[in-house]
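Open the model in a viewer and keep the sequence panel visible. The stops below say what to select next and what is there.

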Amino acid sequence: MRALTWQGKHDVRVETVPDPRIINPRDAIIRITSTAICGSDLHLYDDVIPGMKSGDVLGHEFMGEVVEVGPGNQKLKVGERVVVPFVIACGQCFFCGKQQFAACDNSNPAEKADASELAYGYPMAAAFGYSHLTGGYPGGQAEYARVPFSDIGPIVIPDGVDDDKVLFLSDILPTGWMAAVNCDIESGDTVAVWGCGPVGLFAIQSALVLGAHRVIAIDHHPHRLELAKSLGAEVINFEETRVNEALAELTGGIGPDACIDAVGMESHGLSPDNLLDHIKVKTFMATDRVHALRQVIMATRKGGRISIPGVYGGVADKFPIGALMEKGLTLKTGQTHVQKFSQQLLDLILDGKLDTTFLISHRLDLEEAAEGYKNFKEKQNEFTKVVLKPKFTRH
Ligand SMILES: NC(=O)c1ccc[n+]([C@@H]2O[C@H](COP(=O)([O-])OP(=O)(O)OC[C@H]3O[C@@H](n4cnc5c(N)ncnc54)[C@H](O)[C@@H]3O)[C@@H](O)[C@H]2O)c1
Ligand SMILES: [Zn+2]
Ligand SMILES: [Zn+2]
């Protein structure tokens with residue numbers, strides 16, 4: 001089959017690789033009809049997440065048709081259309097029992113989980129197409145994918161619902177949703193969101209659905225800020241305005257009740273702390289550029305809440321631990337427990353209460369995936385979301 005492979009920093013190529021096959025009884029094989037490029041894929045493209053090997057198949061946002069089901073799967077049927085969560089979870093371990101699917105203890109094979117245990121104290125759960133730290137599973141920017149524990153993850157989509165409407169159930173919609181849930185929004189709250197990429201935009205939409213009174217969005221790409229505005233947010237361009245002063249002014253001097261960092265470890269901007277982070281990362285003295293998170297901690301009102309969906313991989317320099325503690329802030333974060341939110345979010349989509357199709361700016365053939373990555377990274381203003389379609393599924 002054809003699949004997008006990682007070859008090194010800023011080098012991804014569509015190649016012919018072996019077709020996946022059923023290995024374990026609960027596996028299923030999916031023929032992929034739509035797959036997307038995520039901001040998290042850019043961290044791999046930029047080679048800032050460790051554990052990639054040349055030839056790894058990328059992609060963790062995908063959906064398609066079930067073409068084969070293992071003998072241990074009593075749930076899925078050949079021919080059904082499904083969206084696949086990016087997190088691979090067994091559904092049976094201690095963590096899955098608590099619906100903390102992104103902490104599953106069974107999906108990342110023990111010998112591979114060693115590396116993440118060394119890095120984080122305990123092994124990570126597995127994810128599709130996301131380095132050997134998370135199991136080294138081939139991803140879904142491909143014609144087919146093997147889905148382990150497929151009686152737990154995939155959600156069946158009713159006939160007649162367009163791929164575009166439901167594809168983002170795989171990752172960014174539940175990620176934006178969980179980011180807002182983690183803000184514990186109360187009526188009257190003002191929520192500020194750093195980053196108007198797919199995750200930030202869905203966090204804005206979710207915060208409003210969950211009852212936020214006001215949302216203030218921060219980015220520097222005019223078109224992405226326009227999208228935030230069209231969702232109902234007030235906006236701040238961090239290249240034109242001092243963000244934290246503006247936030248204080250907009251909130252009567254007390255600061256937002258809750259703040260969301262939907263930027264992560266590759267923060268943009270020319271502030272002195274960010275420039276220092278750049279130098280430290282280049283010289284292997286630091287791993288993550290945490291400028292946005294520093295700003296978040298400083299901006300949040302006393303007693304407020306912080307939610308971090310943005311991905312961080314290593315250790316942070318100049319982390320304002322004093323402000324976090326002295327202001328009594330609550331902080332929640334994590335890879336998304338996608339499976340926990342799938343049905344609720346599908347229902348909201350089918351009821352017309354959530355529409356995510358506005359985000360898609362480009363639809364490309366899978367063969368053009370390398371171009372898609374380059375543009376999603378370099379032309380962020382126009383390329384808000386790239387959906388890839390394997391050729392044989394093009395209508
Ligand atoms: N927790 C999870 O499970 C999960 C799932 C998906 C994505 N993510 C992460 O969420 C983050 C966002 O993903 P995305 O797809 O929206 O990515 P993206 O790269 O498309 O968007 C990031 C946005 O942040 C903006 N930005 C950069 N620096 C900023 C700053 N200093 N202040 C304000 N805005 C700034 C950029 O201009 C860009 O618009 C990434 O780190 C991604 O890895 C996490
Ligand atoms: Zn993703
Ligand atoms: Zn589990």
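Start with ligand 1 in this predicted model: select it together with the 35 residues that surround it. The closest of these are Gly39, Ser40, Gly195, Gly197 and Gly264. Now colour the shell by element: α1 (39-45), α5 (172-181), α6 (198-209), β11 (214-219) and α10 (291-299) are the elements that give two or more residues to it. With four residues, α1 gives the most. By residue class, the shell around ligand 1 holds 14 nonpolar, 18 polar and three charged residues. Colour by domain instead, and the shell is seen to draw at least three residues from each of domain 1 (2-171 + 336-389) and domain 2 (173-333).

Next, keep the domain colours and show the whole chain, which is divided into domain 1 (2-171 + 336-389) and domain 2 (173-333). Their C-alpha centres lie 25 Å apart. The contact takes 24 residues from domain 1 and 21 residues from domain 2. On the side of domain 1 that touches domain 2, the elements giving two or more residues are α1 and α12 (338-350). That side of domain 1 divides into 10 nonpolar, nine polar and five charged residues.

Select α5 next. How many of its 10 residues are buried? Nine are, so α5 is largely enclosed by the rest of the structure. The buried residues of α5 are Ile172, Leu173, Pro174, Thr175, Gly176, Trp177, Met178, Ala179 and Ala180. To see what covers them, add α6, β13 (258-261), β14 (305-308) and α12, which are included in the cover. α5 and α6 also appear among the elements of the ligand 1 shell.

Now move to the largest nonpolar core, which has 113 residues. Within this core, Ile30, Val191, Val193, Ala203 and Ala217 touch the most other members. Both domain 1 (2-171 + 336-389) and domain 2 (173-333) give residues to the core, so it lies between them. In soluble globular proteins, nonpolar side chains tend to be buried together.

Centre the view on Ile30, one of those core residues. Which residues is Ile30 in contact with, leaving aside its neighbours within four places in sequence? Select Gly64, Glu65, Val66, Val67, Val82, Val84, Tyr144, Ala145 and Val147.

For a contrasting site, go to Asp46, in the loop between α1 and β4 (61-69). Asp46 has 13 other C-beta atoms within 10 Å and is partly exposed. Apart from its neighbours within four places in sequence, Asp46 is in contact with Lys9 and Glu266. Draw a distance from Asp46 to Glu266: these two are 220 residues apart in sequence, and 9.4 Å separates them in space, C-alpha to C-alpha.

Finally, zoom out to the full protein chain, drawn as a cartoon: there are 13 helices and 17 strands. The radius of gyration is 20 Å, close to the 21 Å that the globule rule gives for 395 residues, so the chain is as compact as a globular protein of that length. Along its principal axes, the C-alpha trace spans about 60 × 50 × 40 Å. Colouring by burial, 50% of the 395 residues count as buried. In a contact map, residues 24 or more positions apart make up 72% of the contacts with a separation of 6 or more.

Conventions. Residues numbered from 1 in each chain as written. Chains lettered and ligands numbered in written order. Predicted model: local features only at pLDDT ≥ 70, side-chain atom pairs only at ≥ 80, totals over all residues. Rg over C-alpha atoms; globule rule 2.2 N^0.38 Å. Buried ≥ 20, exposed ≤ 12 C-beta atoms within 10 Å, placed from the backbone. Contact = placed C-beta atoms within 7 Å. Near = placed C-beta within 6 Å. Nonpolar A, V, L, I, M, F, W, Y, C, P; charged D, E, K, R; others polar. Domains from an automatic or database assignment. Core = buried A, V, L, I, M, F, W, Y, C linked by C-beta atoms within 7 Å.
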